[in-house]
Amino acid sequence: MLEPALYARQLTWVDAQRFVGQQILAIAPTAAGPVDVTLEVSSVVESPAAPGVHQFAICFEGPADSFLAQGTYQLRHAELGDFAVFMTPIARSPAGFAYEACFSHVV
């Protein structure tokens, strides 16, 4: 179960841009206890949005031996600390799995 304090941290566009090419640890709950899965941020893309809304997506690459189903995961970044992100698997290749997390913020 994720700590309620993780939901209080809003990941911003400025934060997300700093992630490209970096590794982030995803903490996945399992029946045997939490498992750490290292993800690499492959891209951060801004999306067109309605006036007053800022939208962007973060794309992650993960290992082939650790699949993360769609859901909310605790992510840990060396500088920014812990935060909760809803991710969706979007592709699979021999190298691993690709995931996406989408964000919409009222500005």
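User: In this predicted model, how far apart are the mean positions of the positive and negative charges of the protein?
Analyst: The protein carries 4 positive and 10 negative charges. When the mean position of each set is taken in this predicted model, the separation between them comes to 2 Å.

User: In what order do the elements of the protein run from the N terminus on?
Analyst: The protein contains one helix and six strands. Read from the N terminus on, the helix is followed by the strands, giving the order α-β-β-β-β-β-β.

User: What is the radius of gyration of the protein, and what value does the globule rule give for 107 residues?
Analyst: The C-alpha trace spans about 45 × 35 × 25 Å along its principal axes. The protein is as compact as a globular protein of its length, because its radius of gyration is close to the value from the globule rule, the two being 14 Å and 13 Å respectively.

User: What share of the contacts in the protein with a separation of 6 or more comes from residues 24 or more positions apart?
Analyst: One example of residues far apart in sequence is the contact of Ala26 with Gln74, a pair that lies 48 residues apart along the chain. Taken over the contacts with a separation of 6 or more, residues 24 or more positions apart account for 52%.

User: Is Ala26 buried or exposed, and what is its relative accessible area?
Analyst: Ala26 lies in strand β1, which covers residues 23-28. Beyond the residues up to four places away in sequence, Ala26 touches Val35, Asp36, Val37, Leu39, Leu68, Gln74 and Leu75, and the C-alpha atoms of Ala26 and Gln74 are separated by 5.8 Å. Since buried means under 20% relative accessible area, Ala26 counts as buried, with a value of 0%.

User: Which residue lies 10 residues from Tyr99 in sequence and 4.2 Å away in space, C-alpha to C-alpha?
Analyst: Tyr99 is placed in strand β6, residues 96-106, and is buried at a relative accessible area of 1%. Its contacts, leaving out residues up to four places away in sequence, include Leu39, Phe60, Phe67, Met87, Thr88, Pro89 and Ile90. Among these contacts, the residue that fits the stated separations is Pro89.

User: What is the relative accessible area of Ser43?
Analyst: Ser43 belongs to strand β2, residues 35-47, and its contacts outside four places in sequence are Val20, Ala57, Ile58 and Cys59. The C-alpha atoms of Ser43 and Ala16, which are 27 residues apart along the chain, are separated by 9.2 Å. Because the partly exposed class lies between the 20% and 50% limits, Ser43 falls within it at 23%.

User: Which residues does Ser47 touch, not counting residues up to four places away in sequence?
Analyst: Ser47 is also found in strand β2 and counts as partly exposed at 30% relative accessibility. The C-alpha atoms of Ser47 and Val106, 59 residues apart along the chain, are separated by 14 Å. With the neighbours up to four places away set aside, the residues that Ser47 touches are Gln55 and Phe56.

User: Which residues form one aromatic cluster?
Analyst: A search of the whole structure finds five aromatic pairs. Phe56, which was named above as a contact of Ser47, is a member of the cluster, and the full membership is Trp13, Phe56 and Phe103.

Methods. Residues numbered from 1 in each chain as written. Predicted model: local features only at pLDDT ≥ 70, side-chain atom pairs only at ≥ 80, totals over all residues. Heavy atoms only, no water. Helix = DSSP H or I, 4+ residues; strand = E, 2+ residues; numbered from the N terminus. Rg over C-alpha atoms; globule rule 2.2 N^0.38 Å. Contact = heavy atoms within 4.5 Å. Lys, Arg positive; Asp, Glu negative; His and termini not counted. Charge placed at Lys NZ, Arg CZ, Asp CG, Glu CD. Phe/Tyr/Trp six-rings, centres within 6.5 Å; stacked < 30°, edge-to-face > 60°. Buried < 20%, exposed > 50% of the residue type's maximum accessible area, 1.4 Å probe, protein only.
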